[in-house]
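Let's take a walk through a protein model together. Have a look at the picture first, and then we'll go from the whole chain down to a few residues.

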Amino acid sequence: MWILAGEDHVAKEDTSPYEVVEFPRGIFLVATAVENNIDDLNETVEDMMDWIGQGQMFSYGDFPP
């Protein structure tokens with residue numbers, strides 16, 4: 001998974017070959033994992049999903065719509 005945050009002034013040319021995706025407003029959960037360790041990646045994603053599931057005001061969503 002790749003998540004990239006850019007400031008408003010960042011242009012398409014600045015991120016090439018990656019695409020800038022606009023997300024709707026909301027709270028976004030961020031975590032780090034060792035990218036070449038599939039077990040660590042899976043554990044990190046599982047922990048994030050558990051955290052979302054335990055919060056009564058949070059829900060999981062697929063973005064962009």
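A residue is called buried when its relative accessible area is under 20%, exposed when that value is over 50%, and partly exposed in between. With that in hand, look at the chain, keeping in mind that this is a predicted model. Out of its 65 residues, just 6% are buried. The chain exposes about 6,500 Å², and 53% of that comes from carbon and sulfur atoms. As for the fold, you'll find two helices and zero strands.

Now let's zoom in on helix H2, which covers residues 38-54. Three neighbours in the sequence are worth a visit here: Glu43, Thr44 and Val45.

Start with Glu43. Its relative accessibility is 47%, so Glu43 counts as partly exposed. Glu43 also belongs to a negative surface patch, together with Asp39, Glu46, Asp47 and Asp50.

Next comes Thr44. Is this residue buried or exposed? Thr44 is buried, because its relative accessibility is 12%, and the cut-off for buried is under 20%. So what does Thr44 touch, once we skip residues up to four places away in sequence? The answer is Ala31, Thr32 and Ala33.

Finally, there's Val45. Its relative accessible area is 33%, which means Val45 is partly exposed. Thr32, which we just met as a contact of Thr44, comes up again here: Val45 and Thr32 are 13 residues apart along the chain, and their C-alpha atoms are separated by 9.5 Å.

Notes:
Residues numbered from 1 in each chain as written. Predicted model: local features only at pLDDT ≥ 70, side-chain atom pairs only at ≥ 80, totals over all residues. Heavy atoms only, no water. Patch = residues over 30% accessible without salt bridge, like charges linked within 9 Å, V, L, I, M, F, W, Y side chains within 5 Å. Areas by Shrake-Rupley, 256 points an atom, 1.4 Å probe, with all protein chains shown as cover. Salt bridge = Lys/Arg side-chain N within 4 Å of Asp/Glu carboxyl O. Lys, Arg positive; Asp, Glu negative; His and termini not counted. Charge placed at Lys NZ, Arg CZ, Asp CG, Glu CD. Helix = DSSP H or I, 4+ residues; strand = E, 2+ residues; numbered from the N terminus. Buried < 20%, exposed > 50% of the residue type's maximum accessible area, 1.4 Å probe, protein only. Contact = heavy atoms within 4.5 Å.
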